[in-house]
Amino acid sequence: MKAISHGVHTVGASTNIKWQEGAVPTHQKENLLQQSGCVLWITGLSGSGKSTVACTLEHSLHGMGKLTSLLDGDNIRHGLNCNLGFSAEDREENIRRIGEVSKLISESGVITLVSFISPYRKDRDRIRSRLPSGRFIEIYMDVPITLCEQRDPKGLYKKARAGLIKGFTGIDDPYEPPLDPEIRLRAIRSDGSIRGPEEMVEYILNYLYDHGVVPRPPRSDSEDAVSEAVSLEMSIESNSHTSSSSSSNSIEGSLEGVTSSQVKKQGGEKARGKEGEEGEGQVKIDVD
């Protein structure tokens, strides 16, 4: 950005432009909404569960009376980004546009959920640099490609393996995982079982509570026990790809008496993705 005079700037190819401050600052909007505007950027391979987690999270936040906006990779390509393809240059522009849109929405105090493959690390880091510290929360869906391929309801991985789709992320185009995301969601537990979206959302909500994005709602002791157990298990697994025996014992002790149905109850009713797809193993495939 190059300043000319009287607050007039040149930004990229745009000349003689000036930033217009709004009459109502962000913090006043946040006070009205009783929440902090931020961008929850959910990234991961196609089939990793981004949209399922985003929909489930939005459902939970809505139930708490929180204002959200959900930006999905497929949906954005129906309108705003319908003129972009899947070349490296178009992918970069795709993410640049949605990054700027999500920034504007979050500045209105809205919790903005973004569900995009966003394969390139530099593109995600560029968006992070555009937001104030703490307002960009990167959520990495850490899911093995083998599991993503098993979920493949549209057959896109099969087509990519057969050479019918070119430039498919994870097959013949790279995915660069975050180096230090705020939240890492592992789909597979240390015992080999699959973690459901409600449990992942519980972990995200605890992060939002702890960082002041939304106030923690009052809950019963049993609900707190479920929430703390989920957070403890996922925190330990996030810090180590292979849990030590002592860590495993700690997890098992914390989860004693907590059933999977209790965890699911915490997440509330499953939020449906597009075309009625919901829950584990039926994740919407997006190719952004």
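Contact here means heavy atoms within 4.5 Å. On that footing, residues 24 or more positions apart account for 72% of the contacts in the chain with a separation of 6 or more. The model is a predicted one, in which local features need pLDDT of at least 70 and side-chain atom pairs count only at pLDDT 80 or more, while totals for chains, interfaces and linings use all residues. Residues are numbered from 1 along each chain as its sequence is written, and side-chain values use heavy atoms, with hydrogens and water left out.

The chain holds 11 helices and 8 strands; both are DSSP runs numbered from the N terminus, helices being H or I with at least four residues and strands E with at least two. Out of 288 residues, 45% count as buried (under 20% relative accessible area, against over 50% for exposed and in between for partly exposed, with a 1.4 Å probe and protein chains only).

Two helix pairs are worth a look. Packed helices are described by the angle between their axes and the distance between the axes. The axes are lines fitted to C-alpha atoms, for helices over the stretch in contact, and angles run from 0 to 180 degrees between N-to-C directions. Take H2 (residues 50-63) and H8 (residues 197-210) to begin with: their axes come within 9 Å and cross at roughly 55°. That makes H2 oblique to H8 (angles under 35 degrees count as roughly parallel, over 145 as roughly antiparallel, 65 to 115 as roughly perpendicular and the rest as oblique). H2 passes H8 in a right-handed crossing, the near helix being turned clockwise from the far one by less than a right angle, whereas anticlockwise would be left-handed. On the H2 side, the contact is made by Thr52, Val53, Thr56, Leu57, Ser60 and Leu61, and H8 supplies Pro197, Glu198, Met200, Val201, Ile204, Leu205 and Leu208. Sorted by class, these come to 9 nonpolar, 3 polar and 1 charged residues (Ala, Val, Leu, Ile, Met, Phe, Trp, Tyr, Cys and Pro count as nonpolar, Asp, Glu, Lys and Arg as charged, and the others, Gly among them, as polar).

The other pair is H4 (residues 88-106) with H5 (residues 121-130), packed at an angle of about 25° with axes 10 Å apart. H4 is therefore roughly parallel to H5, and their crossing is right-handed. Here Glu92, Ile95, Gly99, Glu100 and Lys103 in H4 meet Lys122, Asp123, Arg126, Ile127 and Arg130 in H5. The residues of this contact divide into 2 nonpolar, 1 polar and 7 charged.

Some single residues round out the picture. Gly49 sits in the loop between S4 and H2 and is buried, with a relative accessible area of 5%. Its C-alpha atom is separated by 9.6 Å from that of Gly196, 147 residues apart along the chain. Arg151 belongs to H6 (residues 145-151) and is likewise buried, at 9%. The side chain of Arg151 reaches the backbone oxygen of Ser48 at 3.2 Å.

Backbone geometry turns up a couple of oddities among non-glycine residues. Ser118, in the loop between S6 (111-115) and H5, has a positive phi of about 40°, and at 1% relative accessibility Ser118 counts as buried. Gln34 has a positive phi of about 55° and lies in the loop between H1 (26-33) and S4 (38-43).

Note on methods
A polar contact is a pair of N or O atoms within 3.5 Å; within protein, one must be able to donate a hydrogen and the other to accept it, and residues adjacent in sequence count only if both atoms are side-chain atoms.
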